[in-house]
Amino acid sequence: MSITAADLLAAIPVVEVTGPLTAPISGVVYDSRQVGPGACFVAYAGVSTDGHDYIAQALAAGAALVVGERPVPADFPSDR
């Protein structure tokens with residue numbers, strides 16, 4: 001069974017979506033160092049680190065989907 005971005009997002013309230021929802025998802029991670037091609041990166045503000053600061057790194061590593069706690073800033077690079 002193949003899970004897509006749309007399948008994952010169907011279960012949560014979504015504020016903003018950019019990009020295709022048909023991307024197959026290979027796994028879900030919250031550490032950008034563990035992102036591989038097709039991963040869903042979950043960015044959240046932790047006690048000592050804010051995962052939102054690592055979104056660009058996750059995308060560069062091949063993340064197909066990023067789920068965050070706040071909307072993407074207007075100046076965020078959107079070349080994906």
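V29 stands opposite F41, a residue of strand β2. That pair is a good place to enter this predicted model. V29 belongs to β1, which covers residues 27–29. F41 sits within β2, residues 39–43. β1 and β2 run parallel, and 3 bridges join them. G27 offers another point of register, as G27 stands opposite A39 in β2.

Now step across β2 to the next strand. β2 and β3 also pair in the parallel sense, here over 4 bridges. One facing pair is A43 with G68, the latter in β3. Put together, 3 strands make an open sheet, in the order β1-β2-β3. The pairing is parallel. Which strands stand at the edges? They are β1 (27–29) and β3 (65–68). Each has a single partner strand, so one side of each is left without a neighbour in the sheet. The strands are not perfectly aligned: neighbours in this sheet are turned by 20 degrees against each other on average, direction ignored. In general, strands of a sheet pair through backbone hydrogen bonds, in either a parallel or an antiparallel way.

How covered is β2? Mostly: of its 5 residues, 4 are buried.

Step back to the whole chain. It holds 2 helices and 3 strands. Read from the N terminus, the elements run α-β-β-α-β. The radius of gyration is 12 Å, close to the 12 Å that the globule rule gives for 80 residues, so the chain is as compact as a globular protein of that length. The C-alpha trace spans about 35 × 25 × 25 Å along its principal axes. Of the 80 residues, 28% are buried. The accessible surface comes to about 5500 Å². Carbon and sulfur atoms account for 58% of that surface. Contacts also reach along the chain. Among those between residues at least 6 apart in sequence, 38% join residues at least 24 apart.

L9 shows such a reach. This residue is found in helix α1, residues 5–9. Is L9 buried or exposed? Its relative accessibility is 13%, so L9 counts as buried. What does L9 touch, leaving aside neighbours within four places in sequence? The contacts are V14, V17, L21, L65 and V67. Take V67 from that list. L9 and V67 are 58 residues apart in sequence, yet their C-alpha atoms are 8.7 Å apart in space. β3 spans residues 65–68, and L9 is in contact with L65 and V67. Through these contacts, the helix residue L9 meets an edge strand of the sheet.

Next, turn to the loop between β1 and β2, where S32 lies. S32 has 8% relative accessibility, so S32 counts as buried. Beyond its neighbours within four places in sequence, S32 is in contact with F41, Y54, Q57 and A58. F41 is the residue that stands opposite V29. Helix α2 covers residues 55–60, and Q57 and A58 are among the contacts of S32. H52 gives a further distance to check. S32 and H52 are 20 residues apart along the chain, and their C-alpha atoms are separated by 9.9 Å.

Charged side chains come last. How many salt bridges does a search of the whole structure find? The search finds 2. In one, the side chains of D31 and R33 meet, with 2.8 Å from N to O. The two partners differ in their cover. D31 is buried, with a relative accessible area of 19%. R33 is exposed, with a relative accessible area of 69%.

The other salt bridge joins D50 to R70. Their closest N and O atoms are 2.7 Å apart. D50 lies in the loop between β2 and α2, and R70 in the segment after β3, so the pair ties together parts that are 20 residues apart in sequence. D50 counts as buried, at 18% relative accessibility. R70 is partly exposed, with a relative accessible area of 43%.

To retrace the path, begin at the open sheet in the order β1-β2-β3. Follow L9 in helix α1 to its contacts L65 and V67. Then go to S32 in the loop between β1 and β2. Finish at the salt bridge of D50 with R70.

Terms used
Residues are numbered from 1 along each chain as its sequence is written. This is a predicted model: local features need pLDDT of at least 70, side-chain atom pairs count only at pLDDT 80 or more; totals for chains, interfaces and linings use all residues. Side-chain values use heavy atoms; hydrogens and water are left out. Two strands pair if DSSP finds at least two bridges between them. Axes are lines fitted to C-alpha atoms, for helices over the stretch in contact, and angles run from 0 to 180 degrees between N-to-C directions. The radius of gyration is taken over C-alpha atoms; the globule rule is 2.2 Å times the number of residues to the power 0.38. Buried means under 20% relative accessible area, exposed over 50%, partly exposed in between (1.4 Å probe, protein chains only). Contact means heavy atoms within 4.5 Å. Accessible areas come from the Shrake-Rupley method with a 1.4 Å probe; for residues, only the protein chains shown count as cover. A salt bridge is a side-chain nitrogen of Lys or Arg within 4 Å of a carboxyl oxygen of Asp or Glu.
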